[in-house]
Amino acid sequence: MNVAVVGCGYWGPNLVRNFSALPECQTITCCDSDEEKLQRVKRLHRHVTTTKRFQDVVNSVDIDAVAIATPVATHYSLVRECLLAGKHVLVEKPMAASSQESWELTDLAEKMDRVLMVGHTFEYSVAVNKVREIIAGGELGNIMYLSSQRLNLGPYRNDVNVVWDLAAHDVSIALFLTGKRPIGANAQAQAFLRRGNEDISTATLHFEDGVVALLNDSWLDPHKVRRTTVVGTQKMLVYDDVSLHEKIKIFDKGIDAPAEYETFADFHLSYRYGDIHAPRIEEQEPLKIQCSHFVECILNRSTPATPGASGATVVTVLEAMTKSISQNGAYVPIEYRDSHSGNSKPNQRQERTARSTASK
């Protein structure tokens with residue numbers, strides 16, 4: 001099959017590199033309005049063809065699939081044109097600038113019988129999948145909360161704020177690990193470098209069962225941190241994506257309260273300090289797995305692990321976080337569209353549960 005990569009700035013060349021390594025991909029076409037970027041890719045991958053015109057990609061009868069790595073504001077129009085031209089599409093996160101646009105693209109892909117996949121890259125990470133396996137296996141006990149830190153000094157983006165850039169990863173990971181959608185969000189953010197474009201943010205996602213996910217994202221931190229902590233009733237786990245070797249550590253630590261007590265004097269917490277275990281994982285580049293999965297879904301006509309509906313769900317959460325930021329951190333209930341009905345369905349019982357949790 002023949003693949004085109006649209007957008008050859010920061011992320012596009014990584015897509016070109018991985019598609020080029022797949023035996024199923026016969027030709028690679030690179031598209032960007034900047035000739036210098038095209039020449040840089042051409043120097044690295046001499047076999048690719050280049051064009052500055054997006055319509056060359058859309059009109060080509062030879063191109064089967066398109067990977068889009070352009071500014072978020074352009075995703076909707078570019079993806080739509082490709083789908084209407086009968087091409088399969090992989091679009092980088094976040095899927096679109098709004099949930100409405102995201103669902104329109106999802107519906108269009110279904111109508112055109114094309115594969116639409118969203119680049120939630122960490123869901124293809126071997127380490128993240130291992131964490132999900134550990135949680136599902138019950139080793140940590142019942143999950144109480146997740147905490148995620150994604151900090152770095154840049155790269156600063158002008159097209160989106162830090163929530164839509166970095167927190168999009170954390171939202172995707174939180175939903176993937178829990179297997180659930182949050183029912184509400186609180187978020188706060190500040191813009192220090194440029195008015196109106198927040199560069200640091202904190203957020204709390206509330207789930208129906210009382211689990212919360214705490215997200216901390218920043219473009220203005222001296223250290224590169226990519227860490228997710230999962231705290232259960234039995235054990236605790238830390239996933240550190242920056243670590244070269246032991247990316248996952250399981251801590252047999254916890255606090256136990258007495259099952260029964262009659263007076264306050266009888267209430268004593270028991271602190272448990274046990275072993276630390278680092279499971280062995282065969283790490284692979286997540287983007288390589290993602291690109292290979294995209295090609296396999298096209299050839300097998302199967303649904304991707306991160307389809308359009310998944311991308312639309314993440315964008316819905318980002319919208320709620322954005323609304324909360326505009327309301328100085330107020331709790332915002334999240335309403336999701338049924339993927340087939342096209343309607344948003346608020347759950348009043350879920351909303352009451354989240355408000356109760358937030359007030360404790």
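**Exercise 1. Work out how β8 and β15 pair in this predicted model, and find the partner of Gly184.**

Step 1: Start with the pairing. β8 and β15 run antiparallel to each other and are joined by two bridges.

Step 2: Now pick out the residue. Gly184 has Pro333 of β15 as its bridge partner.

Step 3: Turn to β9. Strand β8 (residues 184-190) is also antiparallel to strand β9 (residues 200-206), this time with seven bridges. Two of the pairs are easy to look up: Gln190 is bridged to Ile200, and Asn186 to Thr204.

Step 4: Check how covered β8 is. Five of its seven residues are buried, so the strand is mostly covered.

**Exercise 2. Place these strands in their sheet and say which strands sit at the edges.**

Step 1: Write down the order. It goes β14-β13-β12-β11-β7-β10-β9-β8-β15, an open sheet of nine strands with mixed pairing.

Step 2: Look at the two ends. β14 (270-277) and β15 (332-333) are the edge strands, as each has pairing on one side only.

Step 3: Add a helix. Helix α7 (residues 162-178) packs on the sheet and touches β7, β9, β10 and β11. Its direction makes about 155° with that of β10.

**Exercise 3. Is Thr121 buried or exposed, and what does Thr121 touch?**

Step 1: Find the spot. Thr121 is in the loop that links β6 (116-119) and α6 (126-137).

Step 2: Compare with the cut-off. A residue is buried under 20% relative accessible area. Thr121 has 10% relative accessibility, so Thr121 counts as buried.

Step 3: List the contacts. Setting aside neighbours within four places in sequence, Thr121 is in contact with Trp11, Glu92, Pro286, Leu287 and Gln290.

**Exercise 4. Test whether the length of helix α9 fits its residue count.**

Step 1: Get the expected span. With 19 residues (308-326) at 1.5 Å a residue, α9 should span 27 Å.

Step 2: Compare with the model. The end C-alpha atoms are 27 Å apart, so the two values agree.

Step 3: See what surrounds the helix. Because 14 of the 19 residues are buried, α9 is largely enclosed by the rest of the structure.

Step 4: Look just past the helix. Asn328 follows α9 and has a positive phi, near 60°.

**Exercise 5. Describe the largest pocket and what lines it.**

Step 1: Give the volume. The largest pocket holds about 1200 Å³ of space.

Step 2: Find the centre. There are 44 lining residues, and Tyr10, Trp11, Lys93, Arg157 and Asp165 are the closest to the centre.

Step 3: Name the biggest contributor. α4 gives the largest share of the lining, four residues.

Terms used
Residues are numbered from 1 along each chain as its sequence is written. This is a predicted model: local features need pLDDT of at least 70, side-chain atom pairs count only at pLDDT 80 or more; totals for chains, interfaces and linings use all residues. Side-chain values use heavy atoms; hydrogens and water are left out. Two strands pair if DSSP finds at least two bridges between them. Contact means heavy atoms within 4.5 Å. Axes are lines fitted to C-alpha atoms, for helices over the stretch in contact, and angles run from 0 to 180 degrees between N-to-C directions. Buried means under 20% relative accessible area, exposed over 50%, partly exposed in between (1.4 Å probe, protein chains only). The expected span of a helix is 1.5 Å times one less than its number of residues. On a 1 Å grid over the protein atoms alone, a cavity is a set of points where a 1.4 Å probe fits but cannot get out, and a pocket is an open set with protein on both sides within 12 Å along at least five of seven lines; lining residues have an atom within 4 Å of a point. Grid points are joined across faces, edges and corners, and a volume is the space filled by probe spheres set on the points.
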